[in-house]
Structure formats: structure tokens, C-alpha cells
Amino acid sequence: MAEAGYLDKLNDNQRAAVEFGVVRDAVAPPLLVIAGAGSGKTNTLAHRVAHLLVNGADPQRILLMTFSRRAATELTRRVARITEQAMGRGVAAEALTWAGTFHGIGARILREHALAIGLHPEFSIHDREDSADLMNLCRNALGFSQVKARFPAKGTCLAIYSRAVNSGDPLDEVLRDHFPWCSPWQAELKQLFGAYVSAKQAQNVLDYDDLLLAWAQVMSDEGFAAHIGGAWDHLLIDEYQDTNRLQARILMALKPDGRGLTVVGDDAQSIYAFRAATVRNILDFPTGFQPPADVITLDRNYRSTQPILEAANAVIGQARERYTKDLWTERASTEKPRLVTVATEGDQARYFVDRILEDRETGTKLKEQAVLFRTSSHSVQLEAELTRRNVPYVKFGGLKFLDSAHVKDLLAFLRLVRNPRDRVAGFRVLQLIPGIGPKAAGQVLDALDLAPDPLAALEDVAAPPRAGADWPGFVEAMRSKADWPAALGHARAWYEPHLERMHEDAEARRADLMQLEQIATGYPNAEAFLTELTLDPPDATSDKSGVPLKDEDYLILSTIHSAKGQEWKSVYLLNAVDGCIPSDLGTGSTHELEEERRLLYVAMTRAKDHLTLGVPLRFYVTSQTRNGDRHVYAMRTRFIEKAMLDRFETLHWAPPVGQGAPRPAPGQIDVAAKMRQMWG
Ligand code: ATP
Ligand code: MG
């Protein structure tokens with residue numbers, strides 16, 4: 001019999017959530033756990049999985065889904081540790097074979113059942129950039145980009161398409177509510193999206209959204225849905241507030257009576273509405289079943305000190321709508337969160353790095369500290385400062401290893417070998433060959449398109465006239481029958497001369513490709529490798545050579561979105577100013593503004609012991625849309641109202657004299673700033 005000690009640390013409500021309906025050889029009714037940040041939701045979910053396992057559940061019949069692969073891995077590791085404690089011999093993390101993201105699990109289901117549902121089993125998956133490129137090819141083919149001045153950019157077209165797919169809303173509503181300046185193009189956009197869908201099908205390509213859309217669509221067949229859903233007894237989902245309607249539809253189709261479903265989340269942390277996530281999913285979950293699902297709430301925060309929690313509660317307390325209640329904590333402290341005003345983003349970077357290094361001196365590892373920001377581009381000055389002072393870091397949610405051109409080139413080659421109809425990959429790879437431009441590449445791809453077996457047909461396709469001596473080498477490389485992962489080595493051998501021709505820093509880039517081969521050895525085949533890398537690529541690091549070694553100490557840099565669910569002893573937030581949080585794009589509607597407030601709440605609640613918010617008075621806005629890049633004079637974020645200031649320690653900081661531009665004394669006129677201001 002299992003020892004119950006592993007549940008002793010849980011409080012009453014957590015324990016109730018863990019034990020709810022868990023009986024040997026039975027499946028529990030549906031359960032919702034909804035509670036604020038740091039109340040132990042994820043921890044409770046991990047204990048519930050462990051408790052199921054202790055009570056005889058088959059690890060392979062448990063489906064665990066959360067918002068990133070990193071979070072999923074962390075969850076399975078926790079489960080393994082708890083079962084170890086409970087049973088002496090643990091259930092290995094790897095035994096939980098169905099743990100991942102909705103998109104990753106979707107890709108697996110679709111690939112496994114491809115033939116039965118009319119998909120090519122070797123379909124390629126396009127990341128957002130590939131999808132935008134394909135959208136662009138379609139735009140050009142329809143003549144919209146050339147003829148129609150000011151037709152929405154490819155990225156905007158993709159964003160509109162994606163929003164319509166994920167929300168299920170009709171195009172006119174999506175345009176009216178979220179892209180009103182694109183409404184005049186409704187008819188053309190509709191035509192474009194039709195062409196985009198046809199192109200994907202002709203090329204055996206699925207984009208991110210298709211992984212959910214196709215999954216949801218096949219689930220509308222009840223027999224098929226029952227077959228798929230029958231593979232699991234227990235389905236547990238974390239961060240449910242950030243799922244969209246397609247995801248909810250999939251879940252309901254998997255278990256129409258809700259038996260075996262446990263969903264966990266916090267409506268106050270819903271921050272993905274811009275990707276069509278809807279907080280309705282979590283709020284409506286209980287009434288989706290007959291009888292309604294049980295709801296358990298948690299009210300004690302175990303993460304943050306009292307002053308940090310009070311400040312965060314004050315911010316979220318002003319939200320218009322909120323289901324979860326304020327939390328309490330027993331972690332007393334006299335240290336309030338710091339709100340630091342500085343003149344520039346450069347000063348902000350210097351102040352943060354000074355404090356981070358000071359804390360390292362006194363024993364707080366870099367790994368226990370994190371700097372968060374709204375958008376990846378906001379960390380530029382900080383990264384420069386870290387590099388200047390030799391502080392290693394890993395950046396989450398920013399530019400990925402995969403975003404570099406050379407890595408994309410090589411992966412496109414691999415994709416093309418598997419699926420020669422993938423035109424985005426085709427255009428990319430063919431144009432690496434000297435003498436082949438878009439036109440010649442298009443002709444080759446057209447010829448391949450007509451052939452029943454494109455790879456075989458490659459031998460017979462006439463070499464583009466200007467491709468010269470490089471053509472036979474390409475054909476041979478494409479037709480190489482090398483096994484995995486040797487195939488990647490062959491691809492690299494073909495690619496390297498091109499790399500050297502195109503890039504001055506070929507040496508550094510070659511190191512990346514070697515590292516890619518290293519990563520590849522961990523995957524059973526090219527498909528698994530490509531799928532995983534496309535869906536959840538490794539993060540960028542300060543030395544650009546991949547993920548640091550395990551025992552290395554490094555600072556975490558992360559967008560707030562990617563910091564979801566995590567915690568650090570010390571947290572710094574860049575740019576707690578209006579124009580950033582809320583972003584100048586996010587102030588259009590009350591809904592958008594409310595989401596920005598929740599974003600600040602998520603950022604603040606990542607901190608355990610120390611929280612520092614930076615308020616640079618001059619702040620550089622990079623705006624992709626309406627207003628262009630510019631400096632603005634910033635103000636403290638409107639979400640920290642005057643009446644809340646007593647919850648913070650407010651201070652001004654300036655670098656010691658001689659280290660930075662001179663600045664006027666407080667209350668005096670800043671002549672330099674005024675002169676610059678004249679010209680915008
Ligand atoms: P978020 O909303 O940010 O995802 P969460 O509700 O999922 O937070 P967890 O990450 O599970 O919260 O837990 C927050 C912290 O509190 C973790 O460090 C966890 O180990 C700790 N914790 C949770 N429950 C308890 C408990 N009963 N006793 C001691 N520590 C706990
Ligand atoms: Mg959590």
C-alpha cells in the first residue's frame with residue numbers, strides 16, 4: 001500500500017484537489033482548480049498525477065498538456081520526484097509519454113492517423129515565418145502586393161488569418177474588432193486565405209494553427225473522437241486560461257462527459273487574448289457538463305513575500321472583471337518592491353546589472369534571478385550591458401537559435417528532402433545555388449509539382465541554365481539515402497560551401513550547425529526532430545552557442561509571456577512605463593488594456609523575495625505598425641496608481657558622475673532634451 005506522506009505538505013484545498021475522485025480502476029468526474037498566482041496550482045497538478053500513478057493509473061494513459069515543452073518537462077520531472085517519495089521506486093518522467101503542448105500533441109495525433117484522415121504522413125510543419133512567406137507567395141500570385149497599394153503586410157495577413165482560425169469568428173468580425181484598418185480589403189483577404197489554404201494542401205504543409213484546426217475538425221467525427229479520446233483515461237491541463245476555442249473544442253470532444261478531465265488556471269493571468277485565447281474557456285468549464293464540474297479554489301500564496309503580494313494584489317485589484325480572489329501569505333518581510341526611476345534605458349540596464357552582480361556576490365546565484373520585459377526587442381540595452389560586463393545569460397521567448405538564416409537553410413533542406421512540394425523550403429534552398437533566382441526556382445518547383453514522385457523526378461528536371469556545376473551536387477544531396485541522423489551530416493556537407501560563400505562569419509555559423517547535429521542525435525528520425533524544433537525551438541544564449549551546460553550559472557532573460565508559471569528569488573522588470581505596459585498598441589480597447597494589466601500582474605507575481613521595477617524616463621519605442629520607431633518621454637505605468645505608491649519603495653537612481661550624459665538637477669529644465677524634442 002502506498003505511503004500517504006507525500007501529500008502531507010499540501011494544505012486542505014490542495015489535498016482535496018489532488019484526491020478528488022481518485023479511486024483505483026476508476027476515472028474521476030471533471031474538476032476545475034482555479035486560483036491566483038503562486039497558490040500551488042501546478043504543484044497540485046503534479047501531485048494529482050503522482051497520486052493517480054500511486055493508485056495504479058497507467059502512465060501511458062495519462063495526457064498532460066501545458067503551454068510550453070519546457071513547462072511540460074518540468075511537470076513530468078516533478079511527478080517523477082513525488083512518486084519516488086511515495087513509492088520508493090518512482091515512475092520515470094519518460095514513462096509519461098503523452099506530455100506536451102496542444103500543438104505538439106496535435107502534430108503527433110495527426111501524423112499517426114494521417115492516412116486515415118487524408119493527410120500526407122510526411123507533411124511539413126511551417127513555423128510563423130514560413131507561414132508568412134507562403135502567405136506572401138500567395139499574395140504575389142494574386143497580384144495584391146503589386147497592384148493594390150497599402151495592402152496589409154504578409155505578417156498582418158497571417159495574424160488576421162490566425163485569429164479567424166483560432167477564434168472561429170467570421171472574417172468581418174475579426175477585421176472589425178481587431179484589424180479595423182484592414183476592413184477595406186475584406187474581399188481580397190478572403191480570396192487570399194482561400195489561396196493560402198489551397199497552397200498548403202497542394203504542398204503537404206500544415207501551419208501552427210492547422211495542428212489545432214485539423215485536430216478539432218477530425219474530432220467532429222464522433223467515432224474518431226471516441227477512438228482518440230479512448231487512448232487516455234486522465235487528461236490534465238495546466239494554464240487553461242490561455243487556451244482558445246479550438247483547444248476547448250478538442251478537449252470536450254475527447255471527453256464529452258468530462259470524466260477524467262482536470263483543468264487548472266487563473267483568469268487573472270490570462271495574457272494570450274491577442275492569440276485568440278479566451279478566458280471564457282475556464283469560466284465556462286464547470287457548466288459544460290451535466291452535472292457541472294466540481295470547482296476547487298486555493299487562497300494561500302506560497303511564493304511571494306507579503307509586500308510583493310500586496311503590491312501585486314493592488315494592481316490586479318483594479319481589474320474590471322476577476323473571478324479569483326486575493327491571496328494571502330505567511331511570508332513576512334520588511335522589503336517592499338522597488339520602483340526605480342532612471343533617466344534612460346541605458347541607466348536602467350546599468351542599475352539592474354549592478355544589483356544583480358551585488359546579489360551574486362552575497363550568494364544569490366544568477367539562475368535565481370531573472371529580468372523580464374514586455375517584448376523581446378526591449379532587452380537590447382540590457383544585453384549590451386551584460387555582454388560588456390561578462391555576465392552569461394539565456395534568453396527565453398526571444399530570438400531563437402532557429403531564427404538564424406543558416407540554421408533555417410539547413411532545416412529547409414531537410415524538409416525539402418522529405419517533402420519536395422514544400423515551396424517555401426524549395427524557394428529557400430534552390431536560391432542558395434548560385435545562378436538560381438526566384439524565377440528559375442519557381443520553374444524547378446513547378447516541374448516537380450507535376451511529377452507523381454517529385455524526388456525521383458529531380459533527376460530528369462532540366463538544370464536551370466545558369467545553375468552550372470552546382471546543380472548535380474544538389475540533385476545528389478537531395479537523393480542521398482543516408483539514415484538518420486547521418487542525413488543531417490550529408491545535408492551540412494552540401495550546405496557548407498554555400499555558407500562560406502555567403503557569410504563572413506562562416507566559422508561561428510558552422511559551430512551552430514555542428515550543435516544542431518548534436519541535438520539531432522536525441523531524436524529517432526527526421527520527422528520527430530523537425531516537428532519538435534519547429535514547435536518549440538531551443539532558446540538563444542549570450543554566447544550564441546546553444547544552451548549552456550547544466551552546472552553553469554547564468555541569468556535568465558525572458559519575455560513576460562514566456563515567464564508564465566515560473567518563479568525566481570529576485571525579479572527585475574524592464575520598462576514599467578506607459579507605452580510599454582500598457583504597450584502603445586494595447587491601449588485601443590478596454591479588453592486590450594485589461595490584458596496589459598494582467599501582464600503586469602503576471603510579471604510581478606514571478607518574484608519570491610525581491611522585486612524591482614524600472615521606470616526609465618526616456619524610452620525607445622519600436623513600433624511595427626502605426627507610429628514608427630521613436631524616443632518618447634515615458635511615465636510610470638498607469639497600472640501603478642498614485643494611491644498604490646506606498647506599497648513600493650520609490651527611488652531615483654543615476655550613475656556616478658562621469659559615467660553617462662550630464663543631467664539637470666531634479667526640477668530643473670532639461671535643455672538637451674528640449675532641443676531634441678523640437679525635432680520629434
Ligand atoms: P502560477 O499561477 O504562477 O502558475 P501556481 O499556482 O502554479 O503559480 P506553483 O508554481 O505550483 O503555483 O507553486 C508556487 C510555489 O509555492 C512553488 O515554489 C511551490 O513549491 C510552492 N508551494 C505550493 N504549495 C505548497 C505547499 N503546500 N507547501 C509549501 N510550498 C508550496
Ligand atoms: Mg503554475
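UniProt annotations may be inferred rather than shown by experiment, and that is worth keeping in mind for the binding site discussed further down. The model itself is predicted.

Start with the whole chain. Its secondary structure adds up to 26 helices and 18 strands. The radius of gyration comes out at 26 Å, close to the 26 Å that the globule rule gives for 680 residues, so the chain is as compact as a globular protein of that length. Along the principal axes, the C-alpha atoms fit in a box of roughly 75 × 75 × 50 Å. Of the 680 residues, 44% are buried. As for contacts with a separation of 6 or more, 76% are made by residues 24 or more positions apart.

Now for the binding site. The unreviewed UniProt entry lists Ala35, Gly36, Ala37, Gly38, Ser39, Gly40, Lys41 and Thr42 under that name. Two of these listed residues, Gly40 and Lys41, are worth a closer look. Gly40 sits in the loop that runs between strand 1 (31–35) and helix 2 (41–54), while Lys41 belongs to helix 2.

Are these two buried or exposed? A residue needs 20 or more other C-beta atoms within 10 Å to count as buried. Gly40 has 22 such neighbours inside 10 Å, so it is buried. Lys41 has 24 other C-beta atoms within 10 Å, and therefore Lys41 is buried too.

Their contacts can be listed once neighbours within four places in sequence are set aside. On that basis, Gly40 is in contact with Gln14, Leu298 and Tyr302. Lys41, counted that way, is in contact with Val33, Ala35, Val264 and Leu298. Leu298 thus turns up in the contacts of Gly40 and in those of Lys41. Ala35, a contact of Lys41, is itself on the UniProt list for the binding site.

That leaves the nonpolar interior. The largest nonpolar core holds 115 residues, and the members that touch the most other members are Val49, Ala50, Leu64, Ile160, Trp215, Ile250 and Phe413. Helix 10 (residues 208–218) gives the most to this core, contributing eight residues. There is also a second, separate core of 62 residues, with Leu339, Leu372, Leu600 and Phe639 among them.

What does Ala50 touch, not counting residues up to four places away in sequence? The residues are Tyr6, Val79, Ile82, Thr83 and Ala86. Ala50 falls within the span of helix 2 (41–54), the helix that also holds Lys41.

Notes: Residues numbered from 1 in each chain as written. Chains lettered and ligands numbered in written order. Predicted model: local features only at pLDDT ≥ 70, side-chain atom pairs only at ≥ 80, totals over all residues. Helix = DSSP H or I, 4+ residues; strand = E, 2+ residues; numbered from the N terminus. Rg over C-alpha atoms; globule rule 2.2 N^0.38 Å. Buried ≥ 20, exposed ≤ 12 C-beta atoms within 10 Å, placed from the backbone. Contact = placed C-beta atoms within 7 Å. Core = buried A, V, L, I, M, F, W, Y, C linked by C-beta atoms within 7 Å.
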